[in-house]
Amino acid sequence: MTRETKKVQTTLLLAGDIGGTKTILRLVETSDSPSLHTIYQESFHSGDFPDLVPIVQEFLVNANAPIPEKACFAIAGPVVKNTAKLTNLAWFLDTERLEQELGIPHVSLINDFAAVGYGILGLEKDDLYPLQVGNFADDAPIGIIGAGTGLGQGFLIKQGNYYQVFPSEGGHTDFAPRNELEFQLLKYLLDKHDIQRVSVERVVSGMGIVAIYQFLRDRKFATESPDIAQIVRTWEQEAGQEEKSVDPGAVIGTAALQKRDRLCEQTLQLFIDAYGAEAGNLALKLLPYGGLYIAGGIAPKILPLIQNSGFLLNFTQKGRMRPLLEEIPVYIILNSQVGLIGAALCAARL
């Protein structure tokens, strides 16, 4: 008697993380099981191409792969009615056009922060740092907040056996100062930019780190180091340019980590306090006992400062609501390619 072997059905998927500077593509194979197997991955400089189509075509040639059955691209910008215009590129993407020109039967475009939401579902234990253990509830919402170039916020709701991902524009809500120093920062930003309101993204983001540094520098809270001063001045002189030659936020963060510059240390302390407070604001609105995930490129780079600072203190410092927030699991995402993982998982659902 011969035993019949069940044939495993596999599907070829294409996942993409499309940014104004860099485009990362990943070819993934999935089977009847929920696991995803990466076959090939490559990065491209987005500005070297007039559109996404020639990038994908070159990628598939390099991968020596057939046309995938499904594709999902995470876009650094809003996605409206299956179309997207990238913030820092003259690309206009449309799912119908991409399907036709690439020959891929099913193409989806999602916001890059929505991709992070899907990606959370595919992370391993080593991809996360537990900042607060809390009391996990399987059927509760999951919250996401992530400071990087801007401040992304979103959430996931469980529906049956799946989660539905909802991006938001919570980073553009008002910055809410809580003490004298933060009130001074608010006034400084209002006057400096001649604006009527300050969004929390203007404080809790990469540009927020630089803004806090400028505020503390101009208010003479500490002496400025000549080397860091030069980098910040160069960045200020390049205001309005799409591409900068320096990254003062990264330099300030490194100096604070190394404890070699008092002004940078104060900058990161104020930044982390505001970050924790805003994470707590989001948590109060969602009560995400399924976990609150700290995404974005900044948190992993300054993890020692977050561990030893007032992040959790400011997260839970919400008066009578403190006991609720102390029960919420809080994780920092360490895997920088969580968006690619999410795009692949989203593609698998198409």
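# Exercises on caps, pairings and cores

Asp94 caps the N-terminal end of helix α2, with a side-chain oxygen 2.9 Å from the backbone nitrogen of Glu96. A polar contact here is a pair of N or O atoms within 3.5 Å; within protein, one must be able to donate a hydrogen and the other to accept it, and residues adjacent in sequence count only if both atoms are side-chain atoms. Helices (H or I, at least four residues) and strands (E, at least two) are DSSP runs, numbered from the N terminus.

Some ground rules before you start. The model is predicted, so to speak of local features takes a pLDDT of at least 70 and side-chain atom pairs count only at pLDDT 80 or more, while totals for chains, interfaces and linings use all residues. Residues are numbered from 1 along each chain as its sequence is written, and side-chain values use heavy atoms, with hydrogens and water left out.

**Exercise 1.** Work out which residues of α2 are buried and which exposed residues sit on the face turned away from them.

*Solution.* Step one: get the cut-offs straight. Buried means under 20% relative accessible area, exposed over 50%, and partly exposed in between (1.4 Å probe, protein chains only).

Step two: go through α2, residues 95–102, where Thr95, Leu98 and Leu102 turn out to be buried. They share one side of α2 because their arc around the axis is only 60°. That arc is taken from the directions from the helix axis to the C-beta atoms. As background, an α-helix has 3.6 residues a turn, so residues three or four places apart point the same way.

Step three: flip to the other face, and you find the exposed Glu96 and Gln100.

Step four: look at the cover. The buried residues of α2 lie under elements including α1 (52–63), β4 and β8 (106–111), where contact means heavy atoms within 4.5 Å. Right after α2 comes Gly103, with a positive phi near 75°.

**Exercise 2.** Find the pairing partners of strand β1.

*Solution.* Start with the rule: two strands pair if DSSP finds at least two bridges between them. β1 (residues 11–18) and β2 (residues 22–30) are antiparallel, with 8 bridges. A hairpin of 3 residues links the two, and Thr11 faces Thr30 in β2.

Now check β4 (residues 70–75): β1 runs parallel to it, with 6 bridges. Ala15 has Cys72 as its bridge partner there. For burial, 6 of the 8 residues in β1 are buried, so to say "mostly covered" is fair.

**Exercise 3.** Lay out the open sheet of 3 strands and name its edges.

*Solution.* The order is β5-β6-β7, with antiparallel pairing. The edges are β5 (79–80) and β7, each pairing on one side only. Between β5 and β6 (residues 83–85) there are 2 antiparallel bridges, and Val79 has Ala84 in β6 as its partner.

**Exercise 4.** Is Ser46 buried or exposed, and what does its side chain reach?

*Solution.* First place it: Ser46 is in the loop between β3 (36–45) and α1. Its relative accessibility is 0%, so Ser46 is buried. Its side chain reaches the backbone oxygen of Gly19 at 2.8 Å, and a 2.9 Å polar contact links it to the side chain of Thr23. Beyond four places in sequence, the contacts of Ser46 include Gly20, Lys22, Leu89 and Trp91.

**Exercise 5.** Follow Thr234 and its helix α6.

*Solution.* Thr234 lies in α6, residues 226–237. With a relative accessible area of 19%, Thr234 counts as buried. Ile228, Ala229 and Val232 are also buried in α6. These buried residues pack against α5 (206–218), α7 (248–257) and α8.

For Thr234 itself, contacts beyond four places in sequence are Ser245 and Val246. Pro248 is 14 residues away in sequence, at 9.0 Å C-alpha to C-alpha.

Last, check the length: α6 has 12 residues and spans 16 Å from first to last C-alpha, close to the expected 16 Å. That expected span is 1.5 Å times one less than the number of residues.

**Exercise 6.** Which residues have the most contacts inside the largest nonpolar core?

*Solution.* A nonpolar core is a set of buried Ala, Val, Leu, Ile, Met, Phe, Trp, Tyr and Cys residues joined through side-chain atoms within 4.5 Å. The largest has 52 residues, and Val203, Val204, Phe271 and Ile294 have the most contacts inside it. Helix α8 (residues 262–286) supplies the largest share, 11 residues. A second, separate core has 31 residues, among them Ala15, Ile110, Leu128 and Ala343.
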